[in-house]
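The exercises below are meant to be worked through with the sequence and the coordinates side by side. Each task is followed by a solution that proceeds in steps.

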Amino acid sequence: MSLIRSSLLVGFGSIASRILGFVRDMLFAQALGAGPVADAFLTAFRLPNLVRRIVGEGGLNPALVPHLSRLNPDEAASMAGDVISFFAMVLLGLTAVVEIAAGLVALLLAPGLHDDGQTLTLVTLYTRLSFPIVVAVTLSSVAAAILNMRGRYGATAFAPLAVNVGLILTLVALETVVALPLDRKAAWLSSISCLAGFIQLFIVLAALRQGGEKLVQFRKPHWSPGLKSLLLAGFPALVASGAAQLFILVGTQVASFWPSGISWLYYAERVMQLPLGLIAAVGSSVLLPQLAKHHHAGETTVVIAAQHRALEVALLLALPASAALLILSFPITHVLFERGAFLPSDTRGTALALASLSLGLPFATAGKVLSQTLFARGALRLTMAGTLLGILVTLIGGVLLALRWGPAGIALGVSLGCFAHAAAMAWMLQQIGLWHPDGRFMSRLTRIALCTALMGLGLWGAQQMLAPTNSLSLAAFCLGGLALYALGAWLTGAVTRDDVASLR
């Protein structure tokens, strides 16, 4: 299966997951609004959701894929079984610790709630109910990495839909069948999210057993130097892979000092995750195995070329998405979320946060793509250093900007963190001779920027005449902007006939 066709399969799965996530978050906003209960639930949901996003987008792949790809099939199957067994034991122990110390975890997640005992108690309860999903989604990610390495993308692309489907069905039932207080609704949602995660794990494990090739061999775990090296690489791989999500987590901690700040930042970030999650899933599931193979073969020129082409495709999506989210931040927030318990004041706060986050989308995308080359080389410490730099910039920038602009300033701090991370990735690659933007890349980037500017002007002009106020008019704006961008991309050569032919 070609790189682009594989990317499309993973991309379709990611898009389906993000669309269901949109539906889920619209129902969240309707059912819980943006008050204290919503802040408590979304704070508790942030940690397991952080892990779900990182590992769901291939966060463990940088540690697993390069190592397992060097082994013969039998050794790889035995090693994969050992990895799953060890991760299961560690995760069960971690879950037990979190269940016992949930109150401390709640305070660490939202320090601004230290004087609000009632909300902090709810955060503690919801953390205990939802955290076990971490066991399921992490083991699912390990199994997915093994499947992706063998070129099997179907189950790994669509199994994550189980979590969102479970939550959507629960929300519909809570809104139409039974009438519960807000805190009880949030408790049910926390429990169902955990159950849905284990359904996802069952689907992926079932896929491992299909086909003639035995991909996993379980045995009494054998502590070998290779397993030790792989497991020790797992933590920096998760930290480095989850850069953008960690920046948001830091922003959430700062936002806990503002009323409704957690909720506003959450809903804004969920909108931004549609394009970013697509690119992240494609990068870690499809691009990384390709880069790792070329790196082990010593094909440096091919690695650089593949990196540049992947960055071109990523920015082809990210730049227009960033412009559209910036220009349409208020209509998008109004149409998606303003109903039920979600008030007009929440729309304004969320829209300002979305506009600020949209500025960082191209940098978050670039950082995600560039880090894949370092992952393929096994340079996990370098990528983790870049992530830590981004976290520091997010924290300092978020605090300083929040003093002037509140939660919108925190979101702008997250964008600054994404910029710092992308710049660090490019600098590191340059130091090892793997960042040499060629003429083709610079020409394509210029054309993409021109098409984005054309689309942005069109959306801004149309909004001045008739702002979208419902789902149909918003869809018309989005489709019109997409058509204008696609036309410009074709006319300027940002997309060529060869690009279209490669999809076949």
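**Exercise 1.** Does Q307 count as buried or exposed, and at what relative accessibility?

*Solution.* The model is a predicted one, and its residues are numbered from 1 along each chain. Begin by placing the residue: Q307 belongs to helix 14, which covers residues 300-327. Next, take its relative accessibility, which is 1%; since buried means under 20%, Q307 counts as buried. Finally, look for a partner of its side chain, a polar atom of which lies 2.9 Å from the backbone oxygen of L434.

**Exercise 2.** Work out what span is expected for helix 18, and set this against the distance between its end C-alpha atoms.

*Solution.* Helix 18 runs over residues 380-405 and so has 26 residues, for which a rise of 1.5 Å a residue gives an expected span of 38 Å. The end C-alpha atoms lie 35 Å apart, which agrees with that expectation. Just after the helix comes G406, whose phi is positive, near 65 degrees.

**Exercise 3.** Which residues of helix 18 are buried, and which residues form a nonpolar patch on the surface?

*Solution.* First list the buried positions of helix 18, which are L380, T383, G386, T387, G390, T394, G397, G398, L401 and A402. Then turn to the surface, where L392, L395, I396, V399, L400 and L403 make up a nonpolar patch whose accessible area together is about 570 Å². As a check on one member, take L395, which is found in helix 18: its relative accessibility is 39%, and it therefore counts as partly exposed.

**Exercise 4.** How many aromatic pairs does a search of the whole structure find, and what is the geometry of the pair formed by F28 and F45?

*Solution.* The search finds ten aromatic pairs. In one of them, F28 and F45 are 5.9 Å apart from centre to centre with 90 degrees between their planes, an edge-to-face arrangement. Because F28 lies in helix 1 (residues 3-32) and F45 in helix 2 (residues 36-56), the pair ties together parts that are 17 residues apart in sequence. Both F28 and F45 are buried, and together with F41 and Y126 they form one aromatic cluster.

**Exercise 5.** What is the geometry of the aromatic pair formed by Y266 and Y267, and are these residues buried or exposed?

*Solution.* The ring centres of Y266 and Y267 are 5.5 Å apart, and with 75 degrees between the planes the pair is edge-to-face. Y266, at 1% relative accessibility, counts as buried, and Y267 likewise counts as buried, at 0%.

Conventions
This is a predicted model: local features need pLDDT of at least 70, side-chain atom pairs count only at pLDDT 80 or more; totals for chains, interfaces and linings use all residues. Side-chain values use heavy atoms; hydrogens and water are left out. Helices (H or I, at least four residues) and strands (E, at least two) are DSSP runs, numbered from the N terminus. The expected span of a helix is 1.5 Å times one less than its number of residues. Buried means under 20% relative accessible area, exposed over 50%, partly exposed in between (1.4 Å probe, protein chains only). Rings of Phe, Tyr and Trp (its six-membered ring) pair if their centres lie within 6.5 Å; planes under 30 degrees apart count as stacked, over 60 as edge-to-face and the rest as tilted. Patches are made of residues with over 30% relative accessible area and no salt bridge: like charges are joined within 9 Å, nonpolar side chains (Val, Leu, Ile, Met, Phe, Trp, Tyr) within 5 Å. Accessible areas come from the Shrake-Rupley method with a 1.4 Å probe; for residues, only the protein chains shown count as cover. A salt bridge is a side-chain nitrogen of Lys or Arg within 4 Å of a carboxyl oxygen of Asp or Glu. A polar contact is a pair of N or O atoms within 3.5 Å; within protein, one must be able to donate a hydrogen and the other to accept it, and residues adjacent in sequence count only if both atoms are side-chain atoms.
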